[in-house]
Amino acid sequence: MSEAQSIHLSDDDGARAVELARDSVEAFVRNGQREQPGSMRDAFYNRTGAFVRLQSTRGRGRLRGCAGAHETVRELGNGSKQLGHAIVEAAINAASESSCGSEVEPAELDTIRVSVCTVSNLVLTDDPVSDIELGTHGVAVDGHGKHGWMYPTLPIENDWSVFEYLDRTCRKAGLPNGAWEDDDVMVTLFEGQVFEETEPHGEIESLN
């Protein structure tokens, strides 16, 4: 098990991260523009990964977009983007057509709840079943030219076991169940701080 340096955001930083993600989504959807982070909070200069999830509050609350990038342990703090820019990029990608098959429309913006997961630590593991802490660790799998990842809060939200969590991440990557056990498939755990709007444009809370 290999670890990277830990980065921790305050609740105020987390709230600003979600606000930046929403601003970025709205600028992209309404005007086709890339939001600039502007004068960033100190924590946003850290080089680390970020993920953005857009959840519709209509009907059953389907996923409208989810995007981001985890970095390898070797690259964290070296080749990864500054957090502020990583959030902007993930938000735009989450709102784009490539995320869930259709671009977010302006009429949807007031019905979408925005969530941001910032990578506070990375763990490259050869024993994910033992190392995963449900609710704390997100999972990324890489193998056979395929890649997939899951938010750390998903197993708690859906009552998944560790095995189901790993298998679902593999299926998202286009790999078969159990592929995480293969020697040529790399499993990376990321400790992610998740901050989310309680409702569209609403208060922002920490989920873990």
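**Figure 1. Helix 1 of the predicted model, residues 11–31**. Helix 1 comprises 21 residues. From its first C-alpha to its last, helix 1 reaches 30 Å, close to the 30 Å expected at 1.5 Å a residue. Just after helix 1, G32 adopts a positive phi of about 65 degrees.

**Figure 2. Surroundings of F195 in strand 7**. Strand 7 spans residues 186–197 and includes F195. F195 counts as buried because its relative accessibility is 2%, where buried means under 20%. Leaving aside residues up to four places away in sequence, F195 touches L9, S10, D11, G14 and V18, and its contacts also include V114, S115 and V116. Further contacts of F195 are I204, E205 and S206. E205 lies ten residues from F195 along the chain, and the C-alpha atoms of the two are separated by 5.5 Å.

**Figure 3. The largest pocket and its lining**. The largest pocket has a volume of about 280 Å³. Its lining is formed by 15 residues, of which R53, Q55, L63, M150 and L154 are the closest to the pocket centre. Two or more lining residues come from each of strand 2 (50–56), strand 3 (63–69), strand 6 (146–150), helix 5 (154–158) and helix 6 (162–172).

**Figure 4. Composition of the pocket lining**. Helix 5 gives the most to the lining of the largest pocket, with three residues. By class, this lining has seven nonpolar, six charged and two polar residues.

Notes:
Residues are numbered from 1 along each chain as its sequence is written. This is a predicted model: local features need pLDDT of at least 70, side-chain atom pairs count only at pLDDT 80 or more; totals for chains, interfaces and linings use all residues. Side-chain values use heavy atoms; hydrogens and water are left out. On a 1 Å grid over the protein atoms alone, a cavity is a set of points where a 1.4 Å probe fits but cannot get out, and a pocket is an open set with protein on both sides within 12 Å along at least five of seven lines; lining residues have an atom within 4 Å of a point. Grid points are joined across faces, edges and corners, and a volume is the space filled by probe spheres set on the points. Helices (H or I, at least four residues) and strands (E, at least two) are DSSP runs, numbered from the N terminus. Ala, Val, Leu, Ile, Met, Phe, Trp, Tyr, Cys and Pro count as nonpolar, Asp, Glu, Lys and Arg as charged, and the others, Gly among them, as polar. The expected span of a helix is 1.5 Å times one less than its number of residues. Buried means under 20% relative accessible area, exposed over 50%, partly exposed in between (1.4 Å probe, protein chains only). Contact means heavy atoms within 4.5 Å.
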